[in-house]
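Reader: I am new to this structure and should like to learn how to read its features. May we go through them one after another?

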Amino acid sequence: MSYHQFPPDPILNQFIQCFWSVSSNAEILPTLEHGVIPGGYVDLVFNVGAPVRQVTSGQLFVDQARSFVIGPFDRLQRFRVEGQFEFLGVRFHLGRFPFSRLPLREARNRALPLDGLWEQQGLKAKIQALECRLAQEADTAERIACVERFLKEFLQHCSEPDTVVTEALDLIEETKGQISVEALAEAVGMSDRQLERKFTLHVGLLPKAFCRVARFRQVKSLLESALRPTSCDLAYACGYYDQTHLIREFRLFTGQTPAHYERVQSVGFFLYESQMTC
């Protein structure tokens, strides 16, 4: 599997963290099932390869659609692909998804086809035209340029990110998810319920769920470092009650135990089928 990240045009830096591409060839890698590791992010994803489908509920990917708003995820999502698997993605900064009319709470652990979401805003034809251009381009840089031109047209009219949400997200990142919702709400000067409403609107996850994802990201980072801590050390360092709590959470996010993940790891935020067995 090949995974690459690319910086956005500076004009888009306020909203976009990176562009990314991922691909694999079923003839070289016969595995058909893949997984997506949660990170709390929202992505625009363009399928420029073979049709894909979600393995469990049938709701994550739709065969007929070629572009989606995906996430945020708070658990591992699996999907199947037949033939060439190839995505181009746009990853937005946490809490800075600019299209406020799109219902992020409905995208949690799902993928929503873009042409359906933006049909009411008269953008369906433009989405379909973009999908056609991407299908005709074989070069990743040209594909990214097409998507950047599309986004620049709309981002100039988008409102500024919610400062309360970005402040709360910064605190979660600083504490690596080891902060209570009560302490978080107090730090940004509002009630728990008010903060939850803002997170539902601007992040798509509740603050408690996002803290769990942030703690998991810290575990993942430590496992991929040269430190190679034990499960006991991981649990203590990352704010879990005990090793059992850590393993249960890690299985939810990756489908496997920390010990097995140390041996296989991931490609970007994707896992192979053979990597998802314990």
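Reader: Leaving aside its neighbours within four places in sequence, with which residues is Leu-195 in contact?

Author: Contact means heavy atoms within 4.5 Å. By that criterion, and without the neighbours within four places in sequence, Leu-195 touches Val-164, Ala-168, Leu-184, Ala-185, Val-188, Met-190 and Pro-207. This is a predicted model, in which local features need pLDDT of at least 70 and side-chain atom pairs count only at pLDDT 80 or more, while totals for chains, interfaces and linings use all residues. Residues are numbered from 1 along each chain as its sequence is written, and side-chain values use heavy atoms, with hydrogens and water left out.

Reader: Which residues have the most contacts inside the largest nonpolar core?

Author: A nonpolar core is a set of buried Ala, Val, Leu, Ile, Met, Phe, Trp, Tyr and Cys residues joined through side-chain atoms within 4.5 Å. Buried means under 20% relative accessible area, exposed over 50%, and partly exposed in between (1.4 Å probe, protein chains only). The largest core here has 53 residues, and Trp-20, Leu-195 and Phe-270 have the most contacts inside it. Helix α8 (residues 207–223) gives the most to this core, with nine residues; helices (H or I, at least four residues) and strands (E, at least two) are DSSP runs, numbered from the N terminus. Another core, of 29 residues, lies apart from it and includes Ile-16, Val-90, Phe-97 and Phe-99.

Reader: How many salt bridges does the count come to?

Author: A salt bridge is a side-chain nitrogen of Lys or Arg within 4 Å of a carboxyl oxygen of Asp or Glu. By this rule there are 11 salt bridges. In one of them, the side chains of Asp-74 and Arg-75 meet at 3.2 Å, N to O. Asp-74, Arg-75 and Arg-108 are linked in a network of salt bridges.

Reader: Is Asp-74 buried or exposed?

Author: Asp-74 counts as buried, because its relative accessibility is 8%. Arg-75, at 34%, is partly exposed.

Reader: Which residue forms a salt bridge with Glu-153?

Author: The partner is Lys-126, with the closest N and O atoms 2.7 Å apart. This pair links distant parts of the chain, 27 residues apart: Glu-153 is in helix α4 (residues 140–155) and Lys-126 in helix α3 (residues 124–136).

Reader: Where do Arg-193 and Glu-196 lie?

Author: Both belong to helix α7 (residues 192–202), three residues apart, about one turn of the helix. Their side chains meet in a salt bridge at 3.9 Å, N to O. Arg-193 is exposed at 56%, whereas Glu-196 is partly exposed at 26%.
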